[in-house]
Amino acid sequence: MLGALAAWYETALLIGAPDAGGMLAGMLCAAVYLAYAVAVTAFAAGIVRGTLAAVGIALAILFLLPVAGVYHPVSKWLPSTLTNAPVDLLRGTHQLSYYLPAFAVTVVAIAAALTVAVLRLRAREI
């Protein structure tokens, strides 16, 4: 978020102020996707014991999920759709309402992944 704020400031100084609404909405979508990536990593760490296996599962989920986005009826609902949101919202290509299905699915996926991770990690012996 600090990087996005710094980019916003520099863009305003050098080129001109970008649309504040698009910038804030894009930062919100980016923050939700970042929280999703952390939740997926916690989920992966909860279901396997080894670090390498957890990294492999998390990367597989985060890299292979966008591949499902090639199928257009599903692409609007995938969390990976949020990665394009900052650019599209600033360009005016899409409005925030376009990303609401992906946003909702991502929030539910975050809650589910963190719930599973907490339950699995709580049951582990130290």
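## Report on an all-helix predicted model

At 57% relative accessibility, Leu64 counts as exposed, because the cut-off for that class is over 50%. The residue belongs to helix H3. Together with Val55, Leu59, Phe63, Val67 and Val70, Leu64 makes a nonpolar surface patch of about 600 Å². The structure that carries this patch is a predicted model.

**Overall architecture**

The protein contains six helices and zero strands, and its pattern along the sequence reads α-α-α-α-α-α. Its C-alpha atoms fill a box of roughly 55 × 35 × 20 Å, taken along the principal axes. Of the 126 residues in the protein, 29% are buried. The accessible surface comes to about 7,900 Å², and carbon and sulfur atoms account for 73% of that area. Among contacts with a separation of 6 or more, 60% are between residues 24 or more positions apart.

Helix H1 covers residues 2–14, which gives it 13 residues. From its first C-alpha to its last, H1 reaches 18 Å, close to the 18 Å expected at 1.5 Å a residue. After H1 comes Gly16, whose phi is positive, near 140 degrees.

**The nonpolar core**

The largest nonpolar core has 20 residues. Within this core, the residues with the most contacts are Cys29, Tyr36, Leu62, Leu82, Leu89 and Tyr99. Two or more residues each are given by helix H2 (20–47), helix H3 (51–68), helix H5 (85–91) and helix H6 (100–122). H2 supplies the largest share, nine residues.

Tyr36 illustrates how distant parts of the sequence meet. Leaving out residues up to four places away in sequence, Tyr36 touches Ile61, Leu62, Leu65, Pro79, Thr106, Ala109 and Ile110. One of these partners, Thr106, is found in helix H6. Thr106 has a relative accessible area of 0% and is therefore buried, since that class lies under 20%. With neighbours within four places in sequence set aside, Thr106 is in contact with Val32, Tyr36, Pro79 and Leu82.

Ala85 is found in helix H5. Its relative accessibility is likewise given as 0%, so Ala85 counts as buried. Beyond four places in sequence, Ala85 touches Cys29 and Tyr99, and both of these partners are listed among the core residues with the most contacts.

**A loop residue**

Lys76 is found in the loop between helix H4 (72–75) and H5. At 32% relative accessibility, Lys76 counts as partly exposed, because this class falls between the 20% and 50% limits. Apart from its neighbours within four places in sequence, Lys76 is in contact with Thr81, Tyr98, Pro101 and Ala102.

**Pairs separated in sequence**

The table sets out the spacing of two residue pairs, one involving the loop residue Lys76 and the other involving Ala85 of helix H5.

| Pair | Separation in sequence | C-alpha to C-alpha distance |
|---|---|---|
| Lys76 and Tyr99 | 23 residues | 7.2 Å |
| Ala85 and Gly22 | 63 residues | 9.1 Å |

**Summary**

In this model, helices H2, H3, H5 and H6 each give two or more residues to the largest nonpolar core. Thr106 is buried, and Ala85 is buried. By contrast, Leu64 is exposed and forms part of a nonpolar surface patch, while Lys76 is partly exposed.

Definitions and conventions. Residues are numbered from 1 along each chain as its sequence is written. This is a predicted model: local features need pLDDT of at least 70, side-chain atom pairs count only at pLDDT 80 or more; totals for chains, interfaces and linings use all residues. Side-chain values use heavy atoms; hydrogens and water are left out. A nonpolar core is a set of buried Ala, Val, Leu, Ile, Met, Phe, Trp, Tyr and Cys residues joined through side-chain atoms within 4.5 Å. Buried means under 20% relative accessible area, exposed over 50%, partly exposed in between (1.4 Å probe, protein chains only). Helices (H or I, at least four residues) and strands (E, at least two) are DSSP runs, numbered from the N terminus. Contact means heavy atoms within 4.5 Å. The expected span of a helix is 1.5 Å times one less than its number of residues. Patches are made of residues with over 30% relative accessible area and no salt bridge: like charges are joined within 9 Å, nonpolar side chains (Val, Leu, Ile, Met, Phe, Trp, Tyr) within 5 Å. Accessible areas come from the Shrake-Rupley method with a 1.4 Å probe; for residues, only the protein chains shown count as cover. A salt bridge is a side-chain nitrogen of Lys or Arg within 4 Å of a carboxyl oxygen of Asp or Glu.
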